[in-house]
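Me: I'd like a close look at one part of this protein, and then a walk outward from there. Take your time and keep it connected.

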Amino acid sequence: MFDVLAPGARLGILGGGQLGAMLASAASEIGFKPYIYAPEANSPAFQRTGRFMCEAYENAERLAEFARSVDVVTYEFENVPIDPLAAIETIVPIRPGVRALETAQDRLVEKQFLAAAAVPLAAFESVGSQDELVAAVQTIGFPCVLKTRRFGYDGKGQLILRSPEQLEGAFDQLGGGTCVLESFVPFFAETSLIAARGLDGTISSYEMALNSHESHILKTTELPSGLPAQILDQAKLFANSILSKLDYVGVMGIEFFVSGTPEEPELLVNEIAPRVHNSGHWTQDGALVDQFEQHIRAISGWPLGDGSRHSDVTMLNLIGDDVHNWQVYAANPNFRIHLYGKEEARPGRKMGHVNCLTKPV
Ligand code: AMP
């Protein structure tokens, strides 16, 4: 038997960005008390709840105090330092667990896990030096992509290698830390799927969506994706395998490359994010239960909600100055605008998003 949290329970969220903010709102909507822990004084999530602690993740004492004051702990980003988190696991359940974080924080561990879960992915090799890079290229071939094992996101910490000349000094160019070399995937589309697994092991996946990027940052997520039904089903099977093998509890974002041809597409998993995901924001207005509530339900031991899509929807990220067009979006009756309350619209900064609903399915 597992513990079901009743409304009124206190949910601890590590991280105070927009994902933490939207998790906090979703938790409040179904009667929980969200409690945020984040180091940045102007965290958007602080605006959504009066309960927060503004402290460093490495502050073991304060983190333990936080853990003692809540009934479950979750997180909104995958680079939470493992050691302080593992230390509070004895105080309070952490969902998703530390294993999911450890897997997603290290590209090599992640790829080894995915390969063991029998999920298709690009060929890869571990690379710990320039010599090992040269050897790995012999196996993988050109073109290939060299990626740092840790702290890579939005295209940072990676290098595409197309010819032997580009090999020279490539390892040092990425900072000299351990890396993974993977084959370059000639994809025609990038997609993602948001999946949830409850405490009882039930899995519910949303429909796979089509993503577009600008300067390596997600720009739009579109549904329907235009991909054939059997590929959408296949993505759900891969999600089942990943979530159950990790004994996962909560919402996960799984990113795919789609290669082959539109008529005969082939899915390869790129990476997993053990948290709610930007490409899942469409669910706020395109499904009955969105990814944020679904995550809160999962970590609280509630049954998962219905994630079926009820409308066609395009999610548009408002990045940097885009947010200044809010009046245009607010004026369209088919658009729903979500703003994060960040003060400064710096280039590349995610300020909000708009869910543009077109026609009912
Ligand atoms: P990542 O940080 O691994 O999600 O990569 C960021 C972006 O780089 C992806 O969205 C792709 O557009 C591109 N990319 C990463 N890995 C590969 C690959 N193996 N083949 C082709 N493009 C890639």
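In what order do the four strands of the open sheet with parallel pairing come?

Reply: Bear in mind that this is a predicted model. The order you're after is β3-β2-β1-β4, in an open sheet whose pairing is parallel. At the edges sit β3 (52-54) and β4 (72-75), and each of them pairs on one side only. Going from strand to neighbouring strand, the average turn is 20°, direction ignored.

Now zoom in on β1 and β2. Strand β1 covers residues 10-14 and β2 covers residues 33-38; the two run parallel and are joined by five bridges. If you want a place to put your cursor, try L11, whose bridge partner in β2 is P34. Helix α1 (residues 18-29) packs on this sheet, where it touches β1 and β2. The direction of α1 makes about 165° with that of β2.

There's another four-stranded open sheet to set beside that one, and here the pairing is antiparallel, with the order β5-β8-β6-β7. Its edges are β5 (124-127) and β7 (158-161); each has a single partner strand, so one side of each is left without a neighbour in the sheet. Neighbouring strands here are turned by 20° against each other on average, again with direction ignored. Inside the sheet, β6 and β8 pair over five bridges in the antiparallel sense. Look for K147, which stands opposite V180 in β8.

Two helices pack on this antiparallel sheet. Helix α5 (residues 107-116) touches β5, β6, β7 and β8, and its direction makes about 150° with that of β5. Helix α6 (residues 130-140) also touches β5, β6, β7 and β8, with its direction at about 170° to that of β5.

Hang on to K147, as it leads us to the ligand: this lysine is among the closest of the 15 residues around the ligand, along with E182, S183, V185 and E190. A polar side-chain atom of K147 lies 2.8 Å from a ligand oxygen. E182 brings a side-chain N or O atom to 2.7 Å from a nitrogen atom of the ligand, while a polar side-chain atom of E190 is 2.5 Å from a ligand oxygen. As for cover, the ligand has 470 Å² of accessible area on its own, and the protein covers 91% of that.

Who builds the shell? At least two residues each come from β6 (144-148), β8 (179-183), β13 (250-260) and β14 (265-273). By character, the shell residues divide into six charged, five nonpolar and four polar. So much for the tour: β6 and β8, paired in the antiparallel sheet, are also among the strands that supply the ligand's shell.

Methods
Residues numbered from 1 in each chain as written. Predicted model: local features only at pLDDT ≥ 70, side-chain atom pairs only at ≥ 80, totals over all residues. Heavy atoms only, no water. Pairing = 2+ DSSP bridges. Axes fitted to C-alpha atoms, helices over the stretch in contact; angles between N-to-C directions. Contact = heavy atoms within 4.5 Å. Near = heavy atom within 4 Å. Polar contact = N/O pair within 3.5 Å; in protein donor to acceptor, adjacent residues only side chain to side chain. Areas by Shrake-Rupley, 256 points an atom, 1.4 Å probe, with all protein chains shown as cover. Nonpolar A, V, L, I, M, F, W, Y, C, P; charged D, E, K, R; others polar.
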